[in-house]
Amino acid sequence: MRVHVADHPLVTHKLTVLRDRTTPSPTFRALAEELVTLLAYEATRTVRTTTVQVETPVESTEGLALATPLPLVVPILRAGLGMLEGMVKLVPTAEVGFLGMVRNEETLEPTVYAERLPADLAERQCFVLDPMLATGGSLLAAIEYLFDRGARDVTAICLIAAPEGLAAVERATEGRDVTIVLGALDERLDEKGYIVPGLGDAGDRLYGTV
Ligand code: PRP
Ligand code: URA
């Protein structure tokens with residue numbers, strides 16, 4: 001598994017405002033979107049392309065187009081939805097699939113409650129969006145879901161991860177083509193499975209409590 005932690009003052013600055021408990025939802029949503037665009041730049045470094053010729057007003061030259069099938073972006077509902085606009089701003093022709101997952105706050109086990117994905121993902125580069133990688137259970141379940149559908153190449157973009165969850169995903173995906181791009185790697189998980197210092201419940205901060 002490849003892990004890339006963003007090392008850029010703008011990412012840290014925007015995360016600092018997201019972490020602030022007094023940041024209201026509208027600002028939180030706008031910043032989450034901006035952060036994802038910055039992280040997506042790194043996450044798409046190995047996006048598949050094909051060589052094309054382009055006629056400039058001056059002469060013909062070689063350039064790149066995204067290869068088909070186009071990348072598939074998969075936000076994990078609910079909180080991952082707050083990352084979608086930031087991702088498609090950078091890759092507007094990407095296709096979008098959805099996975100709905102919720103973590104049981106007692107057992108910390110994730111369950112899938114919704115799914116809308118193309119049938120065969122064999123040739124797809126998949127980009128999973130989920131802001132928080134805590135125990136890693138949700139992300140791992142999402143990655144396994146995609147691999148079961150034939151995916152072979154999965155990149156996850158997360159705003160914040162806990163070392164425990166990152167290690168769990170790494171152990172369970174050994175030998176697979178998995179990349180994780182992070183805004184920050186935090187200190188630890190608390191006894192309730194929250195990331196410390198983290199930013200609290202990402203879904204609640206984006207959308208309010210359901
Ligand atoms: C949050 C978050 C991740 C998950 C991380 O979602 O968005 O999906 O928890 O925790 P884990 O690494 O321990 O699995 P939640 O289940 O709260 O659902 P929500 O997006 O609907 O708020
Ligand atoms: N889910 C969140 O939204 N935040 C955490 O810290 C852990 C799981």
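Is Asp130 buried or exposed? Hold that one for a moment. First, a caution: this is a predicted model.

Now the answer. Asp130 is buried, because 24 other C-beta atoms lie within 10 Å, and 20 or more is the cut-off for buried. Where does Asp130 sit? Its place is the loop between strand S8, residues 125-129, and strand S9. Look past the neighbours within four places in sequence. Asp130 is then in contact with Ile76, Ala79, Gly80, Ser138, Leu139, Ala142, Ala156 and Cys158.

Let me step back to the whole chain. It has six helices and 13 strands. The radius of gyration is 17 Å, close to the 17 Å that the globule rule gives for 210 residues, so the chain is as compact as a globular protein of that length. Along the principal axes, the C-alpha atoms fill a box of roughly 60 × 35 × 30 Å. Buried residues make up 36% of the 210. Now take contacts between residues at least 6 apart in sequence. Of these, 71% join residues at least 24 apart.

Next, the ligand. How many residues surround ligand 1? There are 22, and the closest are Arg78, Arg103, Thr135, Ser138 and Gly203. Four elements each supply at least two residues of this shell: strand S6 (98-103), S9, H4 and helix H6 (202-207). By type, the shell divides into twelve nonpolar, seven polar and three charged residues.

What does the UniProt record say? Its unreviewed entry lists a "binding site". Among the residues listed there are Arg78, Arg103, Asp130, Thr135, Gly136, Ser138 and Asp201.

Take Gly136 from that list. It lies in the loop between S9 and H4. Gly136 is buried, with 25 other C-beta atoms within 10 Å. Which residues does Gly136 touch, not counting those up to four places away in sequence? Gly165, Leu166, Ala168 and Val169.

That takes us to helix H5, residues 163-172. Here Gly165, Leu166 and Val169 are buried. They cover an arc of only 100 degrees around the axis, which puts them on the same side of H5. What covers them? The cover includes strand S1 (2-5), strand S9 (132-133), helix H4 (137-148), strand S10 (153-161) and strand S11 (177-185).

So, back to the two loops. Asp130 is buried between S8 and S9. Gly136 is buried between S9 and H4. Both are in the UniProt list.

Technical notes: Residues are numbered from 1 along each chain as its sequence is written. Chains are lettered from A and ligands numbered from 1 in the order in which they are written. This is a predicted model: local features need pLDDT of at least 70, side-chain atom pairs count only at pLDDT 80 or more; totals for chains, interfaces and linings use all residues. A residue is buried if 20 or more other C-beta atoms lie within 10 Å of its own, exposed if 12 or fewer, and partly exposed in between; C-beta atoms are placed from the backbone. The arc is that of the directions from the helix axis to the C-beta atoms. Two residues are in contact if their C-beta atoms, placed from the backbone, lie within 7 Å. The radius of gyration is taken over C-alpha atoms; the globule rule is 2.2 Å times the number of residues to the power 0.38. UniProt positions are given in the numbering used here, feature names are shortened, and annotations may be inferred rather than shown by experiment. A residue is near a molecule or strand if its C-beta atom, placed from the backbone, lies within 6 Å of it. Ala, Val, Leu, Ile, Met, Phe, Trp, Tyr, Cys and Pro count as nonpolar, Asp, Glu, Lys and Arg as charged, and the others, Gly among them, as polar.
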